[in-house]
Amino acid sequence: KGAYDYFDAIDRLGGMVEPGSLSTTCAVPTPNTQRRIAAGCGQGVLMLARLGVFILWLIHLLPFRVIVAFGNGIGSLLYLIAAERRNVGDINLKLCFPEMTEAARKKLLREHFKMFTRGLIERSILWWASAERIRSLIRVEGVEHFEAIKDKSSILLTPHFVGMDVGGQWIAQYSDTVCMYANQKNRYLTE
């Protein structure tokens with residue numbers, strides 16, 4: 001098999017590949033890999049995506065309080081280094097809340113970076129943890145409203161905020177649901 005076939009083999013085996021079981025002497029891409037490359041997901045991008053997914057998988061094994069601290073720390077770091085995103089957020093807050101002081105805007109934006117990063121990192125629990133662990137971490141207020149429509153055909157709309165996936169996970173554990181999502185720019189993350 002070729003170097004590109006390595007990724008296809010991992011896909012077919014669910015990520016479990018025995019060391020030494022794949023040769024990397026030939027660099028002829030398989031049709032599946034050609035499709036990925038054509039979609040802008042070349043070998044380097046694919047490897048980074050897989051590394052990120054693997055790191056998130058490892059994180060889900062940690063105690064929740066460690067995940068929270070890690071997410072807050074990374075979010076604080078991103079606030080400092082992601083100047084472009086920070087500036088966009090600051091402009092948006094100035095436009096939406098002109099009466100807010102600069103100090104209050106900075107505090108809100110800093111907290112948003114932390115919560116956004118936590119939301120991303122905490123998704124690892126939703127993706128790989130047991131149903132029992134997920135249930136133990138979710139607290140729902142107003143469950144009587146959900147119970148009132150549970151057995152009826154309903155469409156639930158949710159804003160695209162950091163806690164959206166948690167609510168969806170809770171609902172999926174208590175009723176039959178269908179969810180929609182948008183494809184990611186990196187095709188590997190969608191697949």
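**Figure 1. Order of the helices along the chain.** Read from the start of the sequence to its end, the protein follows the pattern α-α-α-α-α-α-α-α-α-α, and this predicted model accordingly holds ten helices and zero strands. Of the 191 residues of the protein, 25% count as buried, while the accessible surface comes to about 13,500 Å², with 62% of that area belonging to carbon and sulfur atoms. Among contacts between residues at least 6 apart in sequence, 72% join residues that are at least 24 apart.

**Figure 2. The largest nonpolar core.** Twelve residues in all make up the largest nonpolar core, namely Leu56, Ile59, Ile67, Ile121, Ile125, Leu126, Ala129, Ile134, Ile138, Phe146, Trp170 and Ile171. The elements that give two or more residues to this core are helix H3 (43-59), helix H6 (102-128) and H9, and the largest share, three residues, comes from H6.

**Figure 3. Surroundings of Trp170.** Trp170, one of the residues of the largest nonpolar core, is shown here with its partners from other parts of the sequence. When its neighbours within four places in sequence are left aside, Trp170 is in contact with Ile138, Val140, Val143 and Phe146; among these partners, Ile138 and Phe146 also belong to the largest nonpolar core.

**Figure 4. Asn186 in the loop before helix H10.** Asn186 is found in the loop between helix H9 (164-174) and helix H10 (187-190). The relative accessible area of Asn186 is 13%, so this residue counts as buried, the cut-off being under 20%. Leu46 lies 140 residues away from Asn186 along the chain, yet the C-alpha atoms of the two residues are separated by 8.0 Å.

**Figure 5. The second largest pocket and its lining.** The second largest pocket has a volume of about 410 Å³. The lining of this pocket consists of 15 residues, of which Arg85, Leu109, His112, Phe113 and Phe116 are the closest to its centre. Helix H4 (64-81), helix H5 (83-96) and H6 are the elements that give two or more residues to the lining, and H6 provides the largest share, with eight residues. By residue type, the lining of the second largest pocket divides into ten nonpolar, four polar and one charged. Helix H6 therefore appears in two of these views, since the largest share of the largest nonpolar core and the largest share of the lining of the second largest pocket both come from H6, under the helix numbering that runs from the N terminus.

Note on methods:
Residues are numbered from 1 along each chain as its sequence is written. This is a predicted model: local features need pLDDT of at least 70, side-chain atom pairs count only at pLDDT 80 or more; totals for chains, interfaces and linings use all residues. Side-chain values use heavy atoms; hydrogens and water are left out. Helices (H or I, at least four residues) and strands (E, at least two) are DSSP runs, numbered from the N terminus. Buried means under 20% relative accessible area, exposed over 50%, partly exposed in between (1.4 Å probe, protein chains only). Contact means heavy atoms within 4.5 Å. Accessible areas come from the Shrake-Rupley method with a 1.4 Å probe; for residues, only the protein chains shown count as cover. A nonpolar core is a set of buried Ala, Val, Leu, Ile, Met, Phe, Trp, Tyr and Cys residues joined through side-chain atoms within 4.5 Å. On a 1 Å grid over the protein atoms alone, a cavity is a set of points where a 1.4 Å probe fits but cannot get out, and a pocket is an open set with protein on both sides within 12 Å along at least five of seven lines; lining residues have an atom within 4 Å of a point. Grid points are joined across faces, edges and corners, and a volume is the space filled by probe spheres set on the points. Ala, Val, Leu, Ile, Met, Phe, Trp, Tyr, Cys and Pro count as nonpolar, Asp, Glu, Lys and Arg as charged, and the others, Gly among them, as polar.
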